[in-house]
Every structure is written in structure tokens, then in C-alpha cells.
Amino acid sequence: MAKIDSPVENILKYIKANNIKFVDLKFMDFPGQWQHFTVPVTQFNEDSFEDGFGFDGSSIRGWKAINESDMLIIPDASTMFLDPFVTVPTISLICDVYEPATKEKYTRCPRNIAQKASAHLVSTGIADTVYYGPEAEFFIFDDVRFDSKPNGSFYSVDSIEGKWNSGRDENPNLGYKPRYKEGYFPVPPTDALMDLRNEMVVNLMNCGIDVEAQHHEVASGGQCEIDLRFQPLVKAADQLLLFKYIVKNTAKKNNKTVTYMPKPIFGDNGSGMHVHTSLWKKGKPLFAGSGYAGLSEMGLYFIGGLLKHAASLLAFTNPTTNSYKRLVPGFEAPVNLAYSQRNRSASIRIPMYSASPKAKRVEFRCPDPSSNPYLAFSAMLMAGLDGVINRIDPGDPLDKDIYDMSPEELKNVPSTPGSLGEALKALSEDHEYLLKGDVFTTDVIETWIKYKTDKEIKPMALQPHPYEFTLYYDV
């Protein structure tokens, strides 16, 4: 039998054959941003996949104290891609974070948490794979300016597509600005971003990401979406970070800027990240059945777990103060903690596009793309598993038009938390389901709550808001 090269051997051959000069090592910080450093290929060999590379963990948000700062990253050979944005030939590898003294994976490393969640799923015997298909919406702007000082603060974003520019002198202004809430989805020239999204898709596919579709989204001012094919938990999170990296850098090469901030524009739709998920075992889908909307009993119990723990779950899936400017009752956001086969105002939807059992899945519509996908996907899995293990009844579906429901009917439908503070409070009171299998640790939960409170909630509470001057300056 012919010898099959290992992923490590293939990488070393690729480096030599393609005259690669640098290896970029990427890893995930606690809040949800990729970090990296780069080594020349002269410092990279087969031992690098065992010995790793040292770095200062005290400079990474939410991690080590300065007196215990030494840490280690070890690259995952299955994650290599050729970086299309670096001039000198460079490959990138996603890394896991380790404690150098023990060579154990660092408990606050989000990728480690996702790996533990996947292993815990297998250990339950319920399923062997959880698939995720995230739909991360984003805005493409032509200009962004913001500042916050002791004596003033402001922000300003702009887009050639923005309806607010319909009267601007653009030498010439050609019109074709998508009307507010009507960006879904007219053809060019009203959709001015077709070529740019196609360029993004080409770059994504060249880096090994399977893209299903791209399109303009609802909001005026450059809101877009590119849909990725579902993948197992860790790979789905890896690819979502690579997706954001490629989309942002493709935009920058075209002198534009991308944000995954959930609510950058007032009065129009915000950016969500609807997440499609399903459990499989031995190649067979477990959510297909004869129950409501073609769901199995397991699928319904999984929904029950998501709904029961939704308030605490949102501390990870909607982890910014800005997230809750999108999740506001009375608008189109999925704030109703209920499920439905078609109702998009429900927080959980069962898509009905296909009758195939393999397509049967649950769509959790609350999350947004500011989340750390390793933590968000892991928390979703743990909540759903709690529903399956404890046979949590999701209650009756919400198939009525929410806008036609009376206040009496609506009061029986719980809503998502109204702020990040409320979600963190829920997490502090409801996190036992996350600790199963040592997937999340008490330290991770406590550090997440403290970091978000100290670094985001408290500073926001202290900062005067520009709109307050509109409301109160003349008091």
C-alpha cells in the first residue's frame, strides 16, 4: 500500500514547493478576536507541531496576570491556508493555546472549550456530531469615524448606498439608493456591492470555505450576507473567523470597511447571525421525525433546552451592549422566546425549504456576529443537550403573526433580555448546564461576567451619550 502523507508532511512539502517565506500563527482571545504572530519558515519545522511557540499571555484580553504570563500555542495542521492578503508568500495556521509547564490546553482558550463541547457530545451517546451553519450579516461602509473623549463623543458611518445620501452632491449622484428596509434584494445598480461580494466569495473559496450563496440584506447603507455551508462545531467556528478575516480584508483592498457590529445604523435593520444546527449520529440526522414541522422528539427537546436557557445563553451569543439595540420588542428582531416553522419573529425557527431528513434543522435567530463563535456554539450545544437529556417540553409553537396578537396573548410569550447586564445576571444564576463535562468551567463563567461588566457595561454607564444632549441639554 502506498504511503499516505500526514497533514504535517503535506504542509512542509507545500512550503517548499510554493516558496513560502512566513508562517502566520492565529489564535483566539477571550472576547472573540483573532490574534496572531508570524515566524519565518527557517523557524518552522516538524517539531513546531509538538513544541509550539511561546508568547506573552498577559497581553491578551481576559487571560493571564503578568506574573504568570508565559503561554504556548501549537498549530493545528488541518487548518492551513495561503493568506491572500499578505504580499510575501505566507501560510496561516490556527493554533490551540497551552500551559507551558503542564502542556495541558488552557481552560480559557475558546477553541479548547469548543473541542471539549464536541467531546462531551460524543460521551453522552446521544450523537457524535453537531453541525452549525451561521449566517453572519455585516455592513460595508465607505467611511467610518468615531471618537469618545471627556468633553465629547460622536460616530459617523457612511455608504454610497445609504438612502440618507439621496440628496448629496456626488458629481453626479446617480440615485439607486436602497430604500430603508428594502435592501432585500433588488438587482444592480441598486445593489452596488455585487462585484465586491463576488470577490469576497472567490477569496473564501480559494481558502477552502464552501459558500452557498451571497446577497444584499434588508438595510440600506450596505448590509450584506454570505452564507457558508454547515460544518461540525470546531470547524464551523474556525471558518467563521476566517470568513470575517477574508471579508474585512477584501473590503479594505477595495477601500471600503466592514463591521459585524449588530446595530451600527439607527432606524434600519441590524445585523444578526441566525445559526442553523442539527445533531447527527453515524451519518444519520437525528432532528427529522413526525412531530411538529417534521421534527423528531429529540429536535423538540433540543428546542426546549434552548428556550429554557435562552436568557443566560445570550450572554455568549449576544455579548455586547450594542447587541441589545437590535433585540428590541415591537420590531422585526427575534425577541420572542418561542419556536415556529415559519414565524421569523420567533427566536427559533424550523426552516421548511426542503422535505429531506438531512435538511431538518433548528434555526436559532437571536445570535449576532459580535459573538465569539467557539463560546456561542458550545453554549448552544450545552443548552440543547440539557433539553434532550431532561426531556424539556418547548411548549406550543408560535405560529401567529406577532403583530396581530393582543397584549393579553403577548404577555404569555417571554422575551429575550433587554440588556447585556440582564443576560449576564441570567448567566450568573443559570450556568450549571454549561459545566457538564467540564466544557465551561466556573472560572470561565466568572471571568466572562467580570470582563464584560468591567470593560463594557461600567464604561458605557459612565459615558454621556450624544442623544442625551438632544433630550436633556435645556433642562
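Let me start with helices α3 and α5, and with how they lie against each other in this predicted model. Helix α3 covers residues 110–124 and helix α5 covers residues 233–253. Their axes are 8 Å apart, and the packing angle is about 155°. Angles over 145 degrees count as roughly antiparallel, and α3 and α5 are therefore roughly antiparallel to each other. On the α3 side, the contact is made by Arg111, Ala114, Gln115, Ala117 and Ser118. On the α5 side, Leu233, Val234 and Asp238 take part.

Two of those contact residues come back when we turn to charges. Arg111 and Asp238 belong to a network of salt bridges, together with Asp76, Asp96 and Lys105. Over the whole structure, the search finds 23 salt bridges. I will go through three pairs.

The first pair is Lys26 with Asp83. Their closest N and O atoms are 3.8 Å apart; the cut-off for a salt bridge is 4 Å. Where do Lys26 and Asp83 lie? Lys26 lies in strand β1, residues 22–28, and Asp83 is in the loop between β5 (81–82) and β6 (90–98), so this pair ties together parts that are 57 residues apart in sequence. Are the partners buried or exposed? Lys26 counts as buried because its relative accessibility is 3%, and buried means under 20%. Asp83, with a relative accessible area of 4%, is buried as well.

The second pair is Arg61 with Asp29. Here the side chains meet in a salt bridge at 2.9 Å, N to O. This pair also links distant parts of the chain, 32 residues apart. Arg61 sits in the loop between β3 (53–56) and β4 (70–75). Asp29 sits in the loop between β1 and β2 (34–40). As for accessibility, Asp29 is buried, with a relative accessible area of 0%, whereas Arg61 counts as partly exposed at 35%.

The third pair is Asp454 with Lys450. The side chains meet in a salt bridge at 2.7 Å, again N to O. What separates Asp454 and Lys450 along the chain? Both lie in helix α12, residues 442–462, and they are 4 residues apart, about one turn of the helix. Asp454 counts as partly exposed, at 31% relative accessibility. Lys450 is exposed, with a relative accessible area of 54%.

Next, backbone geometry. Which peptide bonds should you look at in the loop between β9 (152–158) and α4 (194–206)? One is the bond from Asn171 to Pro172, which is cis, with omega near 0°. Pro172 is found in that loop. Another is the bond from Pro188 to Pro189, also cis, with omega near 10°. Pro189 has its place in the loop between β9 and α4 too.

That loop also holds Lys181. Its phi is near 65°, a positive value in a residue other than glycine. Lys181 counts as partly exposed, at 39% relative accessibility. A second lysine with positive phi is Lys282, at about 55°. Lys282 is found in the loop between β14 (273–281) and β15 (284–285). With a relative accessible area of 72%, Lys282 is exposed.

Last, the surface around strands β8 and β9. Which residues form a nonpolar patch on the surface? They are Val144, Phe146, Tyr155 and Phe266, with about 540 Å² of accessible area together. Val144 lies in strand β8, residues 143–149. At 36% relative accessibility, Val144 counts as partly exposed.

Phe146 of the patch is also one of the residues that Phe154 touches. Leaving aside residues up to four places away in sequence, Phe154 touches Arg145, Phe146 and Asp147. Phe154 itself lies in strand β9. Phe154 counts as partly exposed, at 39% relative accessibility. One further distance involves Phe154: Tyr467 is 313 residues away in sequence, yet the C-alpha to C-alpha distance is 9.8 Å.

Technical notes. Residues are numbered from 1 along each chain as its sequence is written. This is a predicted model: local features need pLDDT of at least 70, side-chain atom pairs count only at pLDDT 80 or more; totals for chains, interfaces and linings use all residues. Side-chain values use heavy atoms; hydrogens and water are left out. Patches are made of residues with over 30% relative accessible area and no salt bridge: like charges are joined within 9 Å, nonpolar side chains (Val, Leu, Ile, Met, Phe, Trp, Tyr) within 5 Å. Accessible areas come from the Shrake-Rupley method with a 1.4 Å probe; for residues, only the protein chains shown count as cover. Helices (H or I, at least four residues) and strands (E, at least two) are DSSP runs, numbered from the N terminus. Buried means under 20% relative accessible area, exposed over 50%, partly exposed in between (1.4 Å probe, protein chains only). Axes are lines fitted to C-alpha atoms, for helices over the stretch in contact, and angles run from 0 to 180 degrees between N-to-C directions. Angles under 35 degrees count as roughly parallel, over 145 as roughly antiparallel, 65 to 115 as roughly perpendicular and the rest as oblique. Contact means heavy atoms within 4.5 Å.
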